[in-house]
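Work through the exercises below with the sequence and the coordinates open. Try each task before reading its solution.

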Amino acid sequence: QVQLVESGGGLVQPGGSLRLSCVASGILFSINGMGWYRQAPGKQRELVAGINSDGSTVYADSVKGRFTISRDNAKNTMYLQMNSLKFEDADVYYCNGFPPWRDYWGQGTQVTVSS
């Protein structure tokens, strides 16, 4: 059974930083691409950043240069370092495969950006 657990969200001021973590189980983590997604209420889910099994990465244009995705295969964990946060970054962030596995979404972790 696949299980994905997101953590690390919270409240930050504009310009601040957060690091999100995603711990995966039920998969051979090292051979899977993984990604971070966000979905605001009433909007479609979008890819924020993805990392392939070979370590190559892809970012949404809106976060390029500010966010960094990484993975630690020994810990079955994926990270998203978010710097220079903006109001428009506020959302619920989810992890999943990259490309996503349709039926395997976790609870997500809330990122709030407020002054």
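A disulfide joins Cys-22 to Cys-95, with an S to S distance of 2.0 Å. The model is a predicted one.

**Exercise 1.** Find how many disulfides the whole structure holds, and state the handedness of the link of Cys-22 and Cys-95.

Solution.
- Apply the cut-off: two cysteine sulfur atoms must lie within 2.5 Å.
- Cys-22 and Cys-95 meet this, at 2.0 Å.
- Searching the whole structure gives one disulfide.
- Now take the angle about the S-S bond: 65°, so the link of Cys-22 and Cys-95 is right-handed.
- Cys-22 belongs to strand S3 and Cys-95 to strand S9 (residues 91-97), so the pair ties together parts 73 residues apart in sequence.

**Exercise 2.** Are Cys-22 and Cys-95 buried or exposed?

Solution.
- The cut-off for buried is under 20% relative accessible area.
- Both Cys-22 and Cys-95 are buried.

**Exercise 3.** Identify the strands that S8 is joined to, and give a bridge partner pair for each.

Solution.
- Start with S3 (residues 18-25): six bridges join S3 to S8, and the two run antiparallel.
- Here Ser-21 has Tyr-79 of S8 as its bridge partner.
- Go on to S7 (residues 67-72): six bridges join S7 to S8, again antiparallel.
- Here Arg-71 is partnered by Met-78 of S8.

**Exercise 4.** Describe the turn between S7 and S8, then the burial of S8.

Solution.
- S7 and S8 form a hairpin, with four residues between them.
- In the turn, Asn-76 has a positive phi of about 50°.
- S8 spans residues 77-82 and is mostly covered: five of its six residues are buried.

Definitions and conventions:
Residues numbered from 1 in each chain as written. Predicted model: local features only at pLDDT ≥ 70, side-chain atom pairs only at ≥ 80, totals over all residues. Heavy atoms only, no water. Buried < 20%, exposed > 50% of the residue type's maximum accessible area, 1.4 Å probe, protein only. Pairing = 2+ DSSP bridges.
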